[in-house]
Amino acid sequence: MEQIPSRSFWHKYQARWLQTGSLVCVGLDSEISKLPGCVLKSENPIWEFNRQIIDATAEAACCYKPNLAFYLSDGVRGLDALYKTVEHIPKEIPVILDCKVGDIGSTMQGYVSAFFDKLGIDAITANPLMGSDVLTPLLERENGFAFVLALTSNPSAFEFFKCACMAEEIGGWIRDFPCDRIGAVVGATQTGELKRMRELMPDRIFLIPGIGAQGGDLDAVMQFAIASKEQPNVLINSSRGIIFKDSSPNFAETAKAETIKLKNLILAALR
């Protein structure tokens, strides 16, 4: 294997898996209307909530994934929370910004600069519908990484991603890019497509949403979506099922317990 830059998402992910045995991506979908009452009087409620969640779950998490929409919805204060959150996450733990951007030329370059240079994340989610030009600014970066939407977990995904075998088209298209730079978003609820997605993209890291609140089958994911037991190349994302499991002042400890529980369920399914 070619030498991967030590600061790349690919490297951080592989190192984290080997060090912790965790494949859990904690989704920081910190919607302010759902935060526990005990943090709402804080100067910056989202930041205070995230700080406690990160401190409690860091040992068992492979990765964190803040969703940009929930930070934008709280305006300047929300963006401040996002910056503080990314800065607070231990540097050895990779961070994906769930932004689903996909544009061309200087517009995409603007996104890449804002998210990688200014915010300091390790990877983004990207919408591929405008074509390969979407990925050009990211691939020009030494350590850029994107999870391209290939087959999402929402109920209406079939309208585009299954129509005319688009998921297969995207899966085949992704293979043209280096595996240490491009992964794929593959929803856990699309059980019938998981095996085919892995066949199309044998060496890619899959970011898999849909476990938990959306009803995805973890056993099916671990049977059909992993690359191998030794190097699974999957990230199982859970957001609401971890961070909003408990609305009491003990929310962070509950999030820790749920992260450990999911980590252990994943490991058991790997055996």
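These legends go with a set of close-up views of one predicted model.

**View 1. Eight strands line up in one open, parallel sheet.**
Starting at one edge, the strands follow the order S2-S1-S8-S7-S6-S5-S4-S3, and their pairing is parallel. Strand S2 (63–66) and strand S3 (96–101) sit at the edges, each with a pairing partner on one side only. As you move from one strand to the next, the twist averages 30°.

**View 2. Strand S8 is paired on both sides, with S1 and with S7.**
On one side, strand S1 (residues 24–28) runs parallel to S8 and is joined to it by three bridges. Look for Cys25 here: its bridge partner in S8 is Asn237. On the other side, S7 and S8 also pair in the parallel sense, over three bridges, and Ile208 has Ile236 as its bridge partner in S8. Is S8 buried or exposed? Five of the five residues of S8 are buried, so the strand is largely enclosed by the rest of the structure. In a regular strand, side chains alternate between the two faces of the sheet. Here Val234, Ile236 and Ser238 lie on one side, with Leu235 and Asn237 on the other, and both faces are covered.

**View 3. Asn233 has a positive phi without being a glycine.**
Most residues other than glycine have a negative phi. The phi of Asn233, however, is about 55°. You will find Asn233 in the loop between helix H9 (218–224) and S8. With a relative accessible area of 4%, Asn233 is buried.

**View 4. Strand S5 pairs with S4 and with S6.**
Three bridges join S4 to S5, and these two strands run parallel. Phe147 is a handy landmark in S5: Thr125 stands opposite it, while its bridge partner in S6 is Gly183. S5 and S6 pair in the parallel sense over five bridges. Six of the six residues of S5 are buried, so S5 is largely enclosed by the rest of the structure.

One strand further along, S6 (residues 182–186) pairs with S7 (residues 206–208) over two bridges, in the parallel sense. There, Val185 has Leu207 as its bridge partner in S7.

**View 5. Strand S4 pairs with the edge strand S3.**
Three bridges link S3 and S4 in the parallel sense, and Ile96 stands opposite Ala123 in S4. Which residues of S4 point one way, and which the other? Ala123 and Thr125 point one way, Ile124 and Ala126 point the other way, and all are buried.

Back on S3, Lys100 is worth a look. Lys100 is not a glycine, yet it has a positive phi of about 50°. At 40% relative accessibility, Lys100 counts as partly exposed.

**View 6. Helix H1 crosses several strands, and Phe9 belongs to the largest nonpolar core.**
Helix H1 (residues 9–20) lies across S2, S3, strand S4 (123–126), strand S5 (146–151) and strand S8 (234–238). Relative to S8, H1 runs at about 85°. The largest nonpolar core has 86 residues, and Phe9, Ile124, Phe147 and Leu235 are those with the most contacts inside it. Which residues is Phe9 in contact with, leaving aside its neighbours within four places in sequence? They are Cys63, Pro94, Ile96, Asp122, Ala123, Phe145, Phe147, Ile205 and Leu235.

**View 7. The second largest pocket is lined by 20 residues.**
Rolling a probe the size of a water molecule over the atoms shows where empty space is left. The second largest pocket has a volume of about 310 Å³. Lying nearest its centre are Arg7, Lys12, Gly120, Ile121 and Asp122. H1, helix H4 (75–88) and helix H5 (105–119) each contribute at least two residues to the lining of this pocket.

**View 8. Asp176 lies in a loop and is exposed.**
To find Asp176, look in the loop between helix H7 (166–174) and S6. Its relative accessibility is 62%, over the 50% cut-off, so Asp176 counts as exposed. The C-alpha atoms of Asp176 and Pro90 are separated by 32 Å, and the two residues are 86 residues apart along the chain.

Notes. Residues numbered from 1 in each chain as written. Predicted model: local features only at pLDDT ≥ 70, side-chain atom pairs only at ≥ 80, totals over all residues. Heavy atoms only, no water. Pairing = 2+ DSSP bridges. Helix = DSSP H or I, 4+ residues; strand = E, 2+ residues; numbered from the N terminus. Axes fitted to C-alpha atoms, helices over the stretch in contact; angles between N-to-C directions. Contact = heavy atoms within 4.5 Å. Core = buried A, V, L, I, M, F, W, Y, C linked by side-chain atoms within 4.5 Å. Buried < 20%, exposed > 50% of the residue type's maximum accessible area, 1.4 Å probe, protein only. 1 Å grid on protein atoms, 1.4 Å probe; cavity = no way out; pocket = protein on both sides within 12 Å on 5 of 7 lines; lining within 4 Å. Points joined across faces, edges and corners; volume = space filled by probe spheres on them.
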